[in-house]
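Here are my notes on the pockets in this one, for when you have a moment to look.

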Amino acid sequence: MLLEVSNIKKSFQDNLVLENLSLSLDLEESICITGSNGSGKSTLLKICSGLLHPDHGTVKVMKKSFLSQSQGLEIRRRIGVLLHSNMLYPTYTVRQNLYLFAKILGIIEYKPRVGEIVERLGLDDSMDKEVQKLSNGNKRKVGLCKSLLNDPDLLIIDEPESNLDAESLKTIAGILTDRATSGKGNLFTSHSVEFSALCSTKSFKISSGSLVLL
């Protein structure tokens, strides 16, 4: 089991966002979470990424817990995360960003790995451009490249369709599908029924803080 979320609850002050929510994701699964703005989709992904802790309940990634410092470090080496912020250095070039993050992840043969991902996402011509000079769509693609560098067992993405054109979305849907087929797992949020249909094996909607299978 790649991800086990059990009976989590999360509030912000008096606003209850998630209540007794449970979710499991196994190998070869690609799960889409939908829901209205403010329903708790981003909060759920932050909890699954270890960036937020639930008020109640447990989260296990590959049977390990973020609450243990050593296990948390191991989890972070084996997952890829792309939330609303692309978390890139704006004055660095695409190449500098990706090489830096690949080194941080301990990837030995990082140049071929970066080249492979960049080519698939069509960013070859942007490698020596500063991130701050890219279109929002290409910034999003660089963020996705970063999250794929370590070929993560579990990939977590918040609204992959953000700022991307139809052709780019087909490419990303293909990446997610290929990952699931090869034994990896994906968890992503989306407002797009069309995108979800291309690359999800299951879809859930967050309603009143809990998940409903679609």
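1. Start with the second largest pocket, bearing in mind that this is a predicted model. Its lining is made up of Arg113, Glu116, Ile117, Arg120, Leu148, Asp151, Ile175, Asp178, Arg179, Ser182 and Lys184. Two elements give two or more residues to that lining: helix 4 (110-120) and helix 6 (166-181).

2. Which helix puts in the largest share here? That would be helix 4, with four residues in the lining of the second largest pocket.

3. On chemistry, the lining of the second largest pocket splits into seven charged residues, three nonpolar and one polar. As for room, the space in this pocket comes to about 200 Å³.

4. Now for the largest pocket, which holds about 570 Å³ of space. It is lined by 19 residues, and those closest to its centre are Arg76, Ile79, Gly80, Val81 and Lys146. If you want to set up a view, you could centre it on those five.

5. Where does that lining come from in terms of elements? Helix 2 (69-78), strand 5 (79-82), helix 3 (94-104) and helix 5 (136-148) each give two or more residues to the largest pocket. Strand 5 gives the most, namely four residues.

6. The lining of the largest pocket divides into nine nonpolar residues, seven polar and three charged. Set that beside the second largest pocket, with its three nonpolar, one polar and seven charged residues.

How values were computed:
Residues numbered from 1 in each chain as written. Predicted model: local features only at pLDDT ≥ 70, side-chain atom pairs only at ≥ 80, totals over all residues. Heavy atoms only, no water. 1 Å grid on protein atoms, 1.4 Å probe; cavity = no way out; pocket = protein on both sides within 12 Å on 5 of 7 lines; lining within 4 Å. Points joined across faces, edges and corners; volume = space filled by probe spheres on them. Nonpolar A, V, L, I, M, F, W, Y, C, P; charged D, E, K, R; others polar.
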